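Here is a quick tour for anyone meeting this protein chain for the first time. Keep the structure open beside the text and follow along.

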Amino acid sequence: LISSKVPKAEYIPTIIRRDDPSIIPILYDHEHATFDDILEEIDKKLTAYRRGSKFWRMLIFCQGGPGHLYLLKNKVATFAKVEKEEDMSQFWRRLSRFMSKLNPEPNVIHIMGCYVLGNPNGEKVYTHSQKNKNKFNSMFSFFASRLY
């Protein structure tokens with residue numbers, strides 16, 4: 001899942017391994033997309049791959065900073081907002097429905113492009129996601145990288 005806000009985002013789907021059809025790049029418009037748009041696109045791509053498919057791992061490539069992710073314009077994911085804002089909470093719950101429950105290993109959502117763990121709130125997001133991995137049917141891993 002690639003945000004259009006990521007530098008050179010339009011090139012990323014073309015450089016991802018093309019020899020493996022199970023790697024499905026989804027580029028979304030950071031400025032105009034909604035959470036529903038993203039979830040519909042995921043559903044459409046999984047169905048095109050194989051009807052009823054679920055994913056084991058996902059990479060969200062977006063901008064952000066210590067303790068937050070810029071998922072959509074005017075929608076910054078922080079610990080407090082994921083807990084309190086209904087649309088943000090719904091997004092993560094609905095996203096978890098696309099994850100395989102048959103995977104013998106824990107499902108993982110990788111976050112790349114921002115250093116989320118750079119402050120106590122980021123640590124809270126990580127700790128909370130690990131404690132609630134059964135609720136969301138996944139674990140989160142954060143790559144410590146910045147976009148320039």
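## The chain as a whole

Let's begin with the broad picture. Of the 148 residues in the protein chain, 38% count as buried. The accessible surface adds up to about 8800 Å², and carbon and sulfur atoms hold 53% of that.

Keep in mind that you're looking at a predicted model. Its mean pLDDT is 79, with 81% of the residues reaching 70 or more. Go carefully with residues 142-148, where pLDDT stays under 50. The model still has 24 contacts beyond four places in sequence for that stretch.

## How the pieces line up

You'll find six helices and eight strands in the protein chain. Read from the N terminus, the order of elements is β-α-β-α-β-β-β-β-α-α-β-α-α-β.

How do the contacts spread along the sequence? Take those between residues at least 6 apart in sequence: 69% of them join residues at least 24 apart.

## Helix H2, with two sides

Helix H2 covers residues 35-49, which makes 15 residues. From first C-alpha to last, H2 reaches 21 Å, close to the 21 Å expected at 1.5 Å a residue.

Which residues of H2 are buried? They are Phe35, Ile38, Leu39, Ile42 and Leu46. These residues span an arc of only 95° around the axis, so they sit on the same side of H2. There's a simple pattern behind this kind of spacing: an α-helix has 3.6 residues a turn, so residues three or four places apart point the same way. Turn to the other side of H2 and you'll see Glu40, Lys44 and Ala48, which are exposed.

So what covers the buried residues of H2? The cover includes four strands, E2 (27-28), E3 (57-61), E5 (68-72) and E6 (75-77), along with helix H4 (86-96).

## Helix H4

Now have a look at H4 itself. Its buried residues are Met88, Ser89, Phe91, Trp92, Leu95 and Ser96. Their arc around the axis is only 155°, which puts this set on the same side of H4.

## A closer look at isoleucine 12

Isoleucine 12 belongs to helix H1, which takes in residues 12-15. Is isoleucine 12 buried or exposed? With a relative accessible area of 14%, isoleucine 12 falls under the 20% cut-off and therefore counts as buried.

Which residues does isoleucine 12 touch, once its neighbours within four places in sequence are left aside? Its contacts are Ile2, Val6 and Phe61. You can also check the distance to proline 25: isoleucine 12 and proline 25 are 13 residues apart in sequence, and their C-alpha atoms are 8.1 Å apart in space.

## Salt bridges

The model has six salt bridges, and three are worth a visit here. One of them joins lysine 73 to glutamate 31, with 3.4 Å between the closest N and O atoms. This pair links distant parts of the chain: lysine 73 is in the loop between E5 and E6, while glutamate 31 is in the loop between E2 and H2, 42 residues apart. Lysine 73 is partly exposed at 44% relative accessibility, and glutamate 31 is partly exposed too, at 35%. Both also belong to a network of salt bridges that links Lys5, Glu31 and Lys73.

Another salt bridge brings together the side chains of aspartate 36 and arginine 94, at 2.5 Å from N to O. Again the pair links distant parts of the chain, with aspartate 36 in helix H2 and arginine 94 in helix H4, 58 residues apart. Aspartate 36 has 39% relative accessibility and counts as partly exposed; arginine 94, with a relative accessible area of 28%, is partly exposed as well.

The last stop is a salt bridge within one helix. Lysine 44 pairs with glutamate 41, the closest N and O atoms being 3.3 Å apart. Both lie in helix H2, three residues apart, which is about one turn of the helix. Which of the two is exposed, and which is partly exposed? Lysine 44 counts as exposed at 53% relative accessibility, whereas glutamate 41 is partly exposed, with a relative accessible area of 25%.

Definitions and conventions:
Residues are numbered from 1 along each chain as its sequence is written. This is a predicted model: local features need pLDDT of at least 70, side-chain atom pairs count only at pLDDT 80 or more; totals for chains, interfaces and linings use all residues. Side-chain values use heavy atoms; hydrogens and water are left out. Helices (H or I, at least four residues) and strands (E, at least two) are DSSP runs, numbered from the N terminus. Buried means under 20% relative accessible area, exposed over 50%, partly exposed in between (1.4 Å probe, protein chains only). Contact means heavy atoms within 4.5 Å. The expected span of a helix is 1.5 Å times one less than its number of residues. The arc is that of the directions from the helix axis to the C-beta atoms. Accessible areas come from the Shrake-Rupley method with a 1.4 Å probe; for residues, only the protein chains shown count as cover. pLDDT is the predictor's confidence in each residue, from 0 to 100. A salt bridge is a side-chain nitrogen of Lys or Arg within 4 Å of a carboxyl oxygen of Asp or Glu.
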